[in-house]
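Biologist: I should like to learn how to read the features of a structure, one at a time. May we begin with the backbone and then turn to the side chains?

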Amino acid sequence: MRAQKGRSAQVILLIPGCAILFLVTAVFGNDFSIQGSNRAEFWGYESNWATHIEDKLDLIARYGDFEGELGVLFFEPSKHSPAPRQPLRLLDYSIAYNPAELEVRLGRFFTTFGQGLTLRTYSDDDFRHYKSLHGLYGRFQLPLASEVTLLGGRLRDVFFQENTYKIMNELDTTDQVLGANISSRPVQFLALGGRYVRINRDVDPTPKAFTELFGGDVSVDIGPVTLGGEVAWRLGTKPGIGGREKGFGYVANASLALTGFSILGQYVDYTRLGFPEGVYHYNDPPTPIKSGVAINRGVDERGFGLTVSGTPIDQLYLEGELGRLFVHDDTSAGVLEGEIKGRYSLGANWNWEVKFNHMLQKNIELGTYSRVTDRPGLLVNFLTGEHTFTLEAELGWVQEQPSEPIPETWWRYHEPLISFSYGYGAKWLFTLGWQGVDMDSLHRYDNQKSWPMFETVWNISERNVLRLRIGAEKGGYTCSGGVCRYEAPFRGAKLQLISRI
């Protein structure tokens with residue numbers, strides 16, 4: 001009887017859904033299509049039995065040259081502390097006319113000018129960072145492989161930090177952004193670009209005291225060699241007191257690509273280019289550091305990055321990276337990261353990977369004066385029939401000098417990691433892992449020392465993946481593309497369903 005009632009409820013829900021789909025198909029025919037994705041999650045916290053529910057839905061509907069987008073972000077936490085709850089519900093849309101030669105869009109959009117020295121917005125589901133523009137966007141194709149972009153709108157920066165979502169520019173969401181960008185490839189080996197961004201802020205002391213970001217780029221291909229770069233200036237007004245404020249920055253890139261060998265180099269120099277100073281930026285100049293660490297995102301940075309990779313024999317891949325970033329008046333501060341990695345395939349069943357990562361961070365994290373880590377790691381993968389076995393191990397040697405309470409004190413400790421995974425066919429994957437630290441009272445890990453976890457991944461179908469994780473996560477300081485955050489350690493259970501529509 002209970003099963004019959006369940007089936008009846010499903011039928012009741014399916015009837016209007018099928019009717020809508022039938023109506024849409026009948027009206028628009030086969031030219032109408034809908035694509036998208038949905039990520040639904042439930043987190044349960046062990047320490048205080050708190051919970052949070054999250055759902056992120058993105059849909060794109062197309063009919064001929066017309067396009068509509070719908071974005072939903074639903075975040076509903078329970079009461080974690082005596083502080084007020086901070087739920088978040090966002091409903092975004094855009095409608096667009098989008099034939100091949102032009103695009104006119106009204107609503108939410110993401111765009112980046114050049115390499116991001118003047119304007120950069122994006123959607124990063126892995127890092128849970130959604131920096132979007134809301135307004136009017138236009139793109140037009142011109143002769144000589146040229147394209148012009150015009151936009152006007154407002155910025156919204158949504159960021160997940162310490163297990164909750166925050167709107168980073170909550171006090172500045174009414175500020176206005178106007179922008180224009182042109183890119184062209186008049187001949188096959190030459191690419192050119194130019195761009196201008198104007199930002200009108202409510203805190204500007206006069207109507208003429210707006211901020212401008214402008215610049216250009218060039219790239220030349222000479223056989224296997226590519227040389228290029230981008231330069232940008234900032235003209236603005238000092239907040240509150242008035243007076244002219246100037247900034248400047250550039251990125252130089254070089255690459256060589258041969259059969260089985262490549263080398264990439266980058267040099268950056270930014271002085272008061274990142275705007276505004278603080279927790280969010282309209283522009284995000286690139287960082288040359290592999291792990292994505294930046295000092296202040298274009299306010300005062302100089303450095304370089306170098307990557308060399310090759311396959312000396314068919315089964316062996318080698319890679320080495322070196323990155324350095326520092327401030328202009330103190331070259332001893334900042335970030336230094338180097339990593340070497342080798343991957344070897346033994347027949348069709350075995351894959352071995354070894355790596356060694358060294359990182360120095362000085363005056364990067366709040367409360368930490370200096371931190372040096374050395375991390376050798378091993379990854380082994382074995383495949384036989386329907387069965388896959390994976391072993392991952394890493395041991396970190398850490399030297400850390402806190403800013404307080406005793407500046408000259410050095411803490412020395414280890415951070416081991418080990419995990420074992422078993423996969424059966426394309427349907428199932430089980431992982432048992434553990435992370436630890438052999439020192440007490442580390443504030444960055446909330447004084448915790450051990451983080452075991454068990455995870456099951458079930459590929460229900462080609463479009464649906466269900467993931468259940470039970471145990472603990474270490475958290476700590478993590479970065480992506482120059483944007484960094486502190487992730488609080490987590491203990492409890494996470495259930496996630498990812499669907500492609």
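Modeller: Let us start with Pro276, in the loop between β17 (261-271) and β18 (300-313). Please keep in mind throughout that this is a predicted model.

Biologist: What is the peptide bond from Phe275 to Pro276, cis or trans?

Modeller: The general idea comes before the case. Most peptide bonds are trans, and most residues other than glycine have a negative phi. The bond that leads from Phe275 into Pro276 is cis, its omega being near -10 degrees.

Biologist: Which residues other than glycine have a positive phi here?

Modeller: Two examples will serve. Trp49 has a phi near 60 degrees, and it is placed in the loop between β1 (32-45) and β2 (51-63). Asp446 has a phi near 55 degrees; its loop is the one between β25 (428-436) and β26 (450-461).

Biologist: Are Trp49 and Asp446 buried or exposed?

Modeller: One compares the relative accessible area with two cut-offs: under 20% is buried, over 50% is exposed, and what falls in between is partly exposed. Trp49 has a value of 76%, so it is exposed. Asp446 has 39% and is therefore partly exposed.

Biologist: How many disulfides does a search of the whole structure find?

Modeller: The search yields one disulfide. It joins Cys479 to Cys484, with 2.0 Å between the sulfur atoms.

Biologist: Why is the disulfide of Cys479 and Cys484 called right-handed?

Modeller: The handedness is read from the torsion about the S-S bond, which is about 105 degrees here, so the disulfide is right-handed. Cys479 itself counts as buried because its relative accessibility is 14%.

Biologist: How many salt bridges does the count come to, and how should a single one be read?

Modeller: The count comes to 43 salt bridges. For each pair, one may read the distance from N to O and then ask how accessible the two partners are. Lys56 and Asp58 meet at 2.5 Å, and both residues are buried. In the pair of Glu67 and Arg62 the distance is 3.3 Å. Glu67 counts as buried because its relative accessibility is 11%, whereas Arg62, at 30%, is partly exposed.

Biologist: Which parts of the chain does the salt bridge of Glu415 and Arg371 link?

Modeller: The closest N and O atoms of Glu415 and Arg371 are 3.2 Å apart. This pair links distant parts of the chain, for Glu415 belongs to strand β24 and Arg371 to strand β22 (residues 368-384), 44 residues apart. Both Glu415 and Arg371 are buried. The two also belong to a network of salt bridges, whose other members are Glu365, Arg375, Glu394, Glu400, Arg444 and Lys474.

Biologist: What is Ser419 in contact with, once its neighbours within four places in sequence are left aside?

Modeller: Leaving such neighbours aside shows which other parts of the chain a residue meets. Ser419 lies in strand β24 (residues 411-424). Its contacts are Thr390, Leu391, Glu392, Thr431, Leu432 and Gly433. With a relative accessibility of 13%, Ser419 counts as buried.

Biologist: Where is Gln115, and which residues does it touch?

Modeller: Gln115 sits in the loop between β6 (112-113) and β7 (119-120). Apart from residues up to four places away in sequence, it touches Glu230, Val251, Asn253, Gln266, Asp284 and Pro286. Gln115 and Val231 are 116 residues apart along the chain, yet their C-alpha atoms are separated by 9.8 Å. At 30% relative accessibility, Gln115 counts as partly exposed.

Biologist: How much space lies in the second largest pocket, and which residues are closest to its centre?

Modeller: A pocket may be described by its volume and then by its lining. The second largest pocket holds about 970 Å³ of space. Its lining has 35 residues, of which Ile364, Glu365, Leu366, Tyr477 and Tyr486 are the closest to the centre. The elements giving two or more residues to this lining are β10 (146-161), β23 (387-402) and β29 (483-487). The largest share, four residues, is that of β29.

Biologist: How many residues of that lining are nonpolar, polar and charged?

Modeller: The lining of the second largest pocket divides into 16 nonpolar, 10 polar and nine charged residues. Glu365, one of the residues closest to the centre of this pocket, is also a member of the salt-bridge network.

Conventions: Residues are numbered from 1 along each chain as its sequence is written. This is a predicted model: local features need pLDDT of at least 70, side-chain atom pairs count only at pLDDT 80 or more; totals for chains, interfaces and linings use all residues. Side-chain values use heavy atoms; hydrogens and water are left out. A disulfide is a pair of cysteine sulfur atoms within 2.5 Å. Buried means under 20% relative accessible area, exposed over 50%, partly exposed in between (1.4 Å probe, protein chains only). Contact means heavy atoms within 4.5 Å. On a 1 Å grid over the protein atoms alone, a cavity is a set of points where a 1.4 Å probe fits but cannot get out, and a pocket is an open set with protein on both sides within 12 Å along at least five of seven lines; lining residues have an atom within 4 Å of a point. Grid points are joined across faces, edges and corners, and a volume is the space filled by probe spheres set on the points. Ala, Val, Leu, Ile, Met, Phe, Trp, Tyr, Cys and Pro count as nonpolar, Asp, Glu, Lys and Arg as charged, and the others, Gly among them, as polar. A salt bridge is a side-chain nitrogen of Lys or Arg within 4 Å of a carboxyl oxygen of Asp or Glu.
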